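Please open the structure in the viewer and keep the sequence panel visible. The tour begins with the whole chain and then turns to a single helix.

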Amino acid sequence: MNELLTKEQQIRVNRVHTEEDSRLIGAGGYLSPNNDLFHDVLIAISLKKPVLLKGPTGAGKTKLAETVSHYFKQPVQSINCSVDLDAESLLGFKTIVLKDGANAIEFVEGPVIEAMKKGHILYIDEINMAKAETLPILHSVLDYRRMLTNPFTGEVIQAHPDFSVIAAINEGYIGTTPMNEALKNRFVSFSIPYISGELLANLWNETFPAAPKQLITVMLQLAEDLMEQVKQGLLSEEAASIRSLLDATELAQYMEPMRAITYAIAEKLEDEQERELVLELASSWIK
């Protein structure tokens with residue numbers, strides 16, 4: 001671990017957070033598919049660079065962000081993007097409150113402003129689901145200025161030194177749009193692949209220590225098969241989601257495994273041929 005990272009971790013870990021904010025610190029648990037990925041993300045965060053995580057659904061992008069939070073003992077403010085995301089969802093809103101027997105207008109801070117002021121991590125999930133016209137409001141937050149003029153109050157906000165931004169995208173999914181170049185250029189980008197092999201086995205064994213070994217073996221074999229079919233273009237990336245496979249394993253401890261796989265994986269796929277292929281692959285391992 002290099003000197004920059006050690007120094008930055010010490011600074012952030014030694015900060016004191018309120019009890020409420022401490023509940024926003026991630027639990028960790030991300031398993032990096034290579035020796036450099038997680039380390040390099042931490043370096044980018046330490047250098048105050050906004051980080052963009054690109055990868056298929058269920059590959060562990062959110063878990064990686066939570067593990068960064070755990071490493072720095074730093075709370076996370078989260079934004080889940082959609083076409084309905086607007087400036088109020090990001091920055092906050094004005095509301096009328098009763099103070100000293102009279103109505104008063106008060107501004108309730110949103111996740112962006114709260115993260116900037118408190119020095120939290122701002123996690124923007126599925127950033128390419130948001131409308132292109134919504135996100136330019138963050139340009140000055142994401143570049144060297146690290147500041148924002150609140151359009152609702154006129155307040156100029158300079159980000160806390162520990163403020164960090166992590167965004168995630170699922171490329172090529174329905175409802176997503178290509179990121180605006182001006183926005184994309186503000187990020188350092190990392191590709192987050194599915195984990196496989198020994199790492200995958202370690203994840204299953206740690207998550208399900210009491211599960212039957214035969215069930216673990218079947219699910220790991222199915223996971224490898226699904227990933228191979230995704231590589232060949234016969235299945236969408238959603239079919240090999242690690243999250244869905246973990247859900248199937250948990251269900252399969254209490255019901256017949258084929259039903260668990262049907263509910264957790266196959267039924268979520270829109271294409272009938274893909275659903276049939278998933279079940280065919282599963283049946284080849286389940287005797």
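Begin with the cartoon of the whole protein, whose secondary structure comes to 13 helices and 9 strands; helices (H or I, at least four residues) and strands (E, at least two) are DSSP runs, numbered from the N terminus. The model is predicted, so local features need pLDDT of at least 70 and side-chain atom pairs count only at pLDDT 80 or more, while totals for chains, interfaces and linings use all residues. Residues are numbered from 1 along each chain as its sequence is written, and side-chain values use heavy atoms, with hydrogens and water left out.

Next, display the C-alpha trace, which spans about 70 × 45 × 45 Å along its principal axes. Of the 287 residues of the protein, 46% count as buried, meaning under 20% relative accessible area (1.4 Å probe, protein chains only).

Now select residues 61-72, which form helix α4. At 1.5 Å a residue, times one less than the number of residues, its 12 residues should span 16 Å, and the 17 Å between its end C-alpha atoms agrees with this.

Which residues of α4 are buried? Select Lys61, Leu64, Ala65, Thr67, Val68, Ser69, Tyr71 and Phe72 to see them. Then add what covers these buried residues, including the helices α1 (3-13) and α3 (37-46) and the strands β1 (51-54), β2 (76-80), β5 (121-125) and β8 (164-169).

Finally, move just past the end of α4 to lysine 73, which takes a positive phi of about 50 degrees.

Note on methods: Buried < 20%, exposed > 50% of the residue type's maximum accessible area, 1.4 Å probe, protein only. Contact = heavy atoms within 4.5 Å.
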